[in-house]
Amino acid sequence: MQFRYLTFSALGPFPGTHTIDFDELTAGKLFLFDGPTGSGKSSIIDAIVFALYGRVAGEESDDSRIRSAHADDSTPSYADLVFTIPSGIYRVRRTPAWNRQKKRGEGTTRENAHATLWRLSEAAVDAHEWDAGDVLASGARDVGIELSRLLALTREQFVQTVVLPQGEFAQFLRLSSTDRSALLETLFDTTDYRTFAQSLDKQAKAAREKVDAAGAVATRALQSWCDIDGLASDFPDTGALEFIDAEDSAPLEVMASIDAQLTARAEAAEAKAGDLKKRFDDLTAARIAEEELAKTLAERASLITRREELVARSEEMDAKRARIDVHEKVATSVDRLATASLAQDALEASAAQLPDGVAPVEAERAALADAIDDGRDLADTAQALVSAADGAISEITARVGSLANTLTIEESLGARAKSLDDLDRSATELADDIAGVTSELEAFPARIEALDGDITTAREQGDAIPTLEAELAKLTEQAEQSAKLDTLRAKLEEAEKAGRLALDRHKKQFDRVAEVTAAWRRSTAANLAATLDEQEPCPVCGSLDHPAPAQPTDDSASLADVQATEAALTPLALELNEANARHQKLQGQHEELSRQVGDASGKDLEESMASAAEKLAAAKEAKAREASLTTTRAKLTAANSAKQEELSAKRAEQSSLAERIKNARESLARDEEAVAKLRGDFDSVSALRDALVSQRADLRGLRDSADVIAERARQALATREAAEEALAAAGVSRSEALSAHLDADTLAGLKQAVDQYGKDVAAVHAQLAHERFEALTGEEKPDVGSAREKETAAADAYRAAAAEHTLAKSCAERSVRFLQRTRDAVAGWKATVDDAGPVVRLAGLANAENISLSKIRLSTWVLLRRFEQIVERANEHLREFSFGRYELARTDESGSERKTGLGLEIIHHDAGPHGEHRRSPRTLSGGETFYTSLALALALSEVVQAEHGGIRMETLIIDEGFGALSSEYLQSIMDTLGQLRTGGRTVGIVSHVDELKSMISDRVSVRPLEGGGSTLKVVAGS
């Protein structure tokens, strides 16, 4: 990275605007920032770091100091840096948050932080056309993201490799190994290695969990086998079985042995149960045979008794068969006599019901009545009446049919007359409707005009809604901010009070530190004398004799006292910084809220909000009314069009209706005249038709009655003749036939009794002839009770043996199943252990667990290699700086620190007669610490650059430390820096040492201003 141009304004102690042309300043590859202590030389570094990262350089520095306290409230603060990196030339301009003087009124307003990043061409840089580039990002966040991508260095890496801030120069040398490890992790980014180690640890944990889970499965399988019913009582030693690890086969061997015993026991129980089952089956068959014999003997005795009873009833059955035979002989004759009697009764009943005569057939009806009275044959006379009636009925039917059309017309006359009246009323109503629609259409233009006026008024009122809403929102926001401002004022007062208290405590302790430090310096001789030992040379004069060592006084102080007072000052300084930061934050919030609220009071804002809300509600109501009125107008326009169409339709309907009325009235008059002519003396054609229909019905009744009489006369004659023929065939008289005839119930009872008797006799003989009874004599004596007793005893013995076999079989089967399950679980356990082995071992090595011999984590090991490179490179510079006296060596740690291998010690090669001596870097003097730290800083810069793909940092700026060097060492370091210059590096030094001015001609001189603050002057190219 190469700095080209820096412009900054109102930053740190500089109230004005200053520009540094680094192209000109760094032409000689060595430049100086000089000036008195506290004048603001380090603020130039802050400006560079702030431009790139939005923060100042020092880790312990407060970022709020970037804004100059000496600038007036109207001068903006900014840092504008042009720099070159391998990917191109870039310009970044960054502004911190600050409080600007209000343009109107009193007070300040808060300006937020901002940043912009450009890419420039070399031509634009040469022409100083800073705005000619392309904007790559805008806004503090986006600029930070883009710069992070371009620079490839974090702020922490930047201040360790490019600019070395005051107070942090020797940090890397003095850090504990643990803290040094943390810093190196930041510089070299070992995140991937740490992530890899963490991933291995997670995988190892998961693998161990799988191993434990697999072991638990094997243990549960073993326990399931041990829990088999009866196993613990038969084999007590099983309770102690357990797996030590996946390779422990002893439990499986014990299980296999017991499993074989259980199988043998189950097989023996099965054989015993089989023998007893066979005996039980044999005795069951014997018992069944005895029971069957007893049952068969009882059935045989019952059948013999039944056969004897049936023989005793044979004569009774013969008498019943004889009665049935006589009945069947006379049955036909009796049936025909009954039929003839019924036919005669029917004929007489029909003749008695003959209707009265009807005009067309009076003669025929009278002839039939005479025949009935005389008792003559009625068939022919009745048939004559039927024929005459049929002729008269046909004539009347034809006449009724001819009346149908006229009857329909007559029935419609009333409805047609009513319909004609309705048409007349409809014509009147239609004329009234036409008049009403015409009146409505004439009033429409005036209604439309009135609506248009109302719509225009409502629209004008509604158009003010956006303005009123914006006004109300602004007032609401002001009211909320006003309420927050009241709360913030109280917090600000509390913060001011806390800041004053913190400042007072800090000042008292600071004065105490100065007092103790002065006492320590005055006590240097006494403190040094306290460390003298006999026969040891004095570190000041080298003498082995110490005749008058200095003695401590009442106001003496030790280095421990100084360190104790400084340690007590640290939390107070932190407390003061926190109090100042909180006060500044609250002050900024207060100023920002004051700017937003303005001069309005809370009451004024409430009244303004109420008025604005009332106006807005009225405007919204007008807007809604406009929409409603617009809808009403559209509906009215549509209604007018509909009325126009309605008027045209009604006029067409009026013309059609008049024509229909005329035609209907003429048709009705013609049909009324035709009906009157046809009905004659009857009141109506319908009355004429009813008279004819009634006469036809009378004729049909008389005809049907005569037809029935004729048919029944013929049937009565036929049945009498058939009955006489049947009696002659049977050879019996009428009285004999009636006497022998049986009624249906009696006949059925006799037949059923005879039939059932025959079936009973056949059944008894068939059953006695069955083979079951052939070998029996009736003298056999079965013993069922004894057979049952023997069967019961055998059953009890078999059930006991079967239960014993079931239990033994179940136990053996479960043993086989659980044994196999345990074997499978152990095999899975072994496989899981084998699978987990590699990742567990790798995780142990990567995370420095017991398996690791070095006890160094992977990420630390990576840093260790980088650290060795840094130490090796630093020693090249340190040999030059110290004239070969000192060398850095990496050490392992001791004591309470975690082992990292990142410790440092100094090898002192000319320590005296005892040869080289190793000691802590904390024992170095101020000058020794400076050039040792510088050697480390240069080495660190070079290794970091190599680590980041060979990125070359052409510029290195070193802040302070040169004042602690003697002229000899100062010249040595300047020679080494000159070698860096020869190699193409540019070195900047920040120092107040006057001797450097004669060595470095290109410089930026910083001088305090009389009224406060500082200014600078660039001296280059001379």
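**Helix α8, its partners, and an open sheet**

Let's start with the packing of one helix. The buried residues of α8 pack against three helices: α9 (231–234), α10 (250–312) and α23 (784–846). Keep in mind that this is a predicted model.

Now α8 itself. Helix α8 covers residues 191–226, which is 36 residues. From its first C-alpha to its last, α8 reaches 52 Å. That is close to the 52 Å expected at 1.5 Å a residue.

Which residues of α8 are buried? Take the list from the start of the helix. We have A197, L200, A204 and A207. Then come V211, A214, G215 and A218. A221, L222, W225 and C226 complete the list. As background, an α-helix has 3.6 residues a turn, so residues three or four places apart point the same way.

Next, one residue on a partner helix. T832 lies in helix α23. Is T832 buried or exposed? Its relative accessibility is 19%. Buried means under 20%, so T832 counts as buried. What does T832 touch, leaving aside residues up to four places away in sequence? The answer is K210, V211 and A214. Two names there should sound familiar: V211 and A214 are among the buried residues of α8. T832 also has a polar contact inside its own chain. The side chain of T832 reaches the backbone oxygen of G828 at 2.8 Å.

A second buried residue, in another helix. S705 lies in helix α19, residues 685–730. S705 counts as buried because its relative accessibility is 15%. Not counting residues up to four places away in sequence, S705 touches S350, Q353, L354 and P355.

Now to the sheet. It is open, and it has 6 strands. The order is β2-β1-β4-β5-β8-β9, and the pairing is antiparallel. Which strands sit at the edges? They are β2 (14–21) and β9 (134–138), and each pairs on one side only. On average, neighbouring strands of this sheet are turned by 15 degrees against each other, direction ignored.

Look at one pair in that sheet. Strand β1, residues 2–11, runs antiparallel to β2, and 6 bridges join the two. T7 stands opposite T19 in β2.

Last, what lies across the sheet's strands? Helix α4, residues 140–151, lies across β4 (78–85), β5 (88–95), β8 (114–120) and β9. Helix α4 runs at about 40 degrees to β8.

Note on methods
Residues are numbered from 1 along each chain as its sequence is written. This is a predicted model: local features need pLDDT of at least 70, side-chain atom pairs count only at pLDDT 80 or more; totals for chains, interfaces and linings use all residues. Side-chain values use heavy atoms; hydrogens and water are left out. Two strands pair if DSSP finds at least two bridges between them. Helices (H or I, at least four residues) and strands (E, at least two) are DSSP runs, numbered from the N terminus. Axes are lines fitted to C-alpha atoms, for helices over the stretch in contact, and angles run from 0 to 180 degrees between N-to-C directions. Contact means heavy atoms within 4.5 Å. Buried means under 20% relative accessible area, exposed over 50%, partly exposed in between (1.4 Å probe, protein chains only). The expected span of a helix is 1.5 Å times one less than its number of residues. A polar contact is a pair of N or O atoms within 3.5 Å; within protein, one must be able to donate a hydrogen and the other to accept it, and residues adjacent in sequence count only if both atoms are side-chain atoms.
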